[in-house]
Amino acid sequence: MTTNIVDVHDVVRTFGEVKALDGMSLSFEPGIIYGLLGPNGAGKTTLIRVLATLLKPTSGSATVAGIDVVADPDAVRTRIGLAGQFAAVDAYQTGRENVEMVGRLYNLSKREARRRTDEVLERIDLMDAADRQVKTYSGGMRRRLDLAASMVGRPEVLFLDEPTAGIDPRSRLDIWSLIEDLVERGTTILLTTQYLDEADQLAARIGVIDRGTMIAEGTADELKDMVGGSVVQLTVPQEKQSTVVGLLRSVSGDEPTIDQSNGRMSIPASSAQTLLTVARKLEEASITPDDIGLRKPTLDDVFLSITGHAAEVGEAGPKRPARSRE
Ligand SMILES: Nc1ncnc2c1ncn2[C@@H]1O[C@H](COP(=O)(O)OP(=O)(O)OP(=O)(O)O)[C@@H](O)[C@H]1O
Ligand SMILES: [Mg+2]
């Protein structure tokens, strides 16, 4: 018997040549928000789709609420909710009709479906638009409606694939508080995100995935600690780079990490003193950096330090359609 609400063992999922999931394992207990972080193409959506029984793994196994996703997908579906990366709502129905219909699919009585629909639409700030056809909604409104629909049945396990991508900051806070409420009422949530602050705020535990596999796991603080308290980050003119690498090595006692895409170098910093030391050494060597600063570690730093290559998207960076590495 397992006490884990989600259990993924060594799952591989290929699409032709592409290994979207490459030996993915993941387990966590009920009652928490688990955050899955990863750059574009890391395999986040593929994992969610496997767990939501929309896609079969090529090999490996996965259970949700103790039920095997391949052997008994129907039983899994009665226990879960899903809000996808791309809103899946009927444009010719009103917002209210969409959400109520999903509530009915969860076997809520008509009255209960109506009551909960009002509640989630209110919470997600769509009441004013509730009786308009969805085709008149903006992109952000559709995403919010999709989220409302995923929550109306109060599923045991809820999968949210980038729930706040493309959503304005104020609505984002509303969604965060809605997610937290759901968890308080007993729903377990697996959410994917590219925003470290979102995982930081919401997730009890975070898994970092890259190239279809788990590369690090822990609380937000544990992940940041892997990079050190803060980092000194600097860029220097190209011709000075090798000198500065040596200089940074002498300060940190280890190789600096270098982001090959832009030449930005960083070393862990135990305090602001590290920054002062680096600045002094640069001055002694008569090197003026293009840019230098002390920062808290970000997802990028976690990625750089774990994988040796940069995440393809920064904390709030633009999305790129596909990844191309080396
Ligand atoms: N249906 C498909 N057919 C072919 N390749 C696919 C398919 N679905 C996903 N892939 C590939 O699998 C890899 C993982 O894709 P996935 O959508 O799971 O990534 P992701 O982490 O969700 O990325 P993003 O942050 O951009 O949403 C990518 O290389 C993608 O091109
Ligand atoms: Mg995705």
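**Helices, sheet and ligand: a conversation**

Trainee: Let's start with helix 3: what covers its buried residues?

Mentor: The cover includes helix 4 (110-123) and helix 5. Keep in mind as we talk that this is a predicted model.

Trainee: Which residues of helix 3 are the buried ones?

Mentor: Within helix 3, which spans residues 95-105, they are Gly95, Arg96, Asn98, Val99, Glu100, Val102 and Gly103. After the helix comes Asn107, whose phi is positive, near 65 degrees.

Trainee: Now a single residue. Why is Ile179 called buried or exposed?

Mentor: Count its neighbours: 23 other C-beta atoms lie within 10 Å of Ile179. The label "buried" needs 20 or more, so Ile179 qualifies as buried.

Trainee: Where does Ile179 sit, and what does it touch?

Mentor: Ile179 belongs to helix 6. Leaving aside residues up to four places away in sequence, Ile179 touches Ile33, Ile189 and Leu202. For a sense of the fold, take Pro163 too: Pro163 and Ile179 are 16 residues apart in sequence, and their C-alpha atoms are 9.8 Å apart in space.

Trainee: What does helix 6 pack on?

Mentor: Helix 6 (residues 169-184) packs on the sheet, where it touches strand 3 (33-37), strand 7 and strand 8 (188-193). The direction of helix 6 makes about 150 degrees with that of strand 8.

Trainee: What makes strand 7, helix 6 and strand 8 a right-handed β-α-β unit?

Mentor: The test is the path from the first strand over the helix to the second: with the strands pointing away from the viewer, a clockwise path counts as right-handed. The crossover made by strand 7, helix 6 and strand 8 is assigned as right-handed, so by that test its path is clockwise.

Trainee: And how do you know that strand 7 and strand 8 are paired?

Mentor: Pairing takes at least two bridges between the strands. Five bridges join strand 7 to strand 8, and these strands run parallel, so the criterion is met. One of the partnerships links Asp161 with Thr192 in strand 8.

Trainee: What other strand pairs with strand 8?

Mentor: Strand 3 does, in the parallel sense and over five bridges. There, Tyr34 has Leu190 of strand 8 as its bridge partner.

Trainee: Why is strand 8 described as largely enclosed?

Mentor: Six of the six residues of strand 8 are buried, so the rest of the structure largely encloses it. Thr188, Leu190 and Thr192 point one way, while Ile189, Leu191 and Thr193 point the other, and all are buried. In general, side chains of a regular strand alternate between the two faces of the sheet.

Trainee: What makes strand 7 "mostly covered"?

Mentor: Five of its five residues are buried. From strand 7, Val157, Phe159 and Asp161 point one way and Leu158 and Leu160 the other way, all of them buried.

Trainee: Why are strand 6 and strand 10 called edge strands?

Mentor: Look at the order of this open sheet of six strands, 6-7-8-3-9-10. Strand 6 (80-83) and strand 10 (213-218) each pair on one side only. The twist averages 20 degrees from one strand to the next.

Trainee: What makes the sheet's pairing "mixed"?

Mentor: Compare the two ends. Strand 6 and strand 7 are joined by four bridges and run parallel, with Ile80 standing opposite Val157 in strand 7. Strand 9 (residues 205-210) and strand 10 are joined by five bridges and run antiparallel; there Ile206 has Gly218 as its partner in strand 10. The sheet holds both senses, and its pairing is mixed.

Trainee: Which helix lies across strand 6 and strand 7?

Mentor: That is helix 5 (residues 139-151), running at about 180 degrees to strand 6.

Trainee: What surrounds ligand 1?

Mentor: Twelve residues do, and the closest are Phe15, Ala20, Lys44, Thr45 and Thr46. Strand 2 (18-28) and helix 1 (44-51) each supply at least two residues of this shell, and helix 1 gives the most, with three.

Trainee: Finally, how is the protein chain divided?

Mentor: Into domain 1 (6-223) and domain 2 (230-295), whose C-alpha centres lie 40 Å apart. The chain has eleven helices and 14 strands, and buried residues make up 42% of its 326 residues.

How values were computed
Residues are numbered from 1 along each chain as its sequence is written. Chains are lettered from A and ligands numbered from 1 in the order in which they are written. This is a predicted model: local features need pLDDT of at least 70, side-chain atom pairs count only at pLDDT 80 or more; totals for chains, interfaces and linings use all residues. Axes are lines fitted to C-alpha atoms, for helices over the stretch in contact, and angles run from 0 to 180 degrees between N-to-C directions. Two residues are in contact if their C-beta atoms, placed from the backbone, lie within 7 Å. A residue is buried if 20 or more other C-beta atoms lie within 10 Å of its own, exposed if 12 or fewer, and partly exposed in between; C-beta atoms are placed from the backbone. Domain bounds come from an automatic or database domain assignment. A residue is near a molecule or strand if its C-beta atom, placed from the backbone, lies within 6 Å of it.
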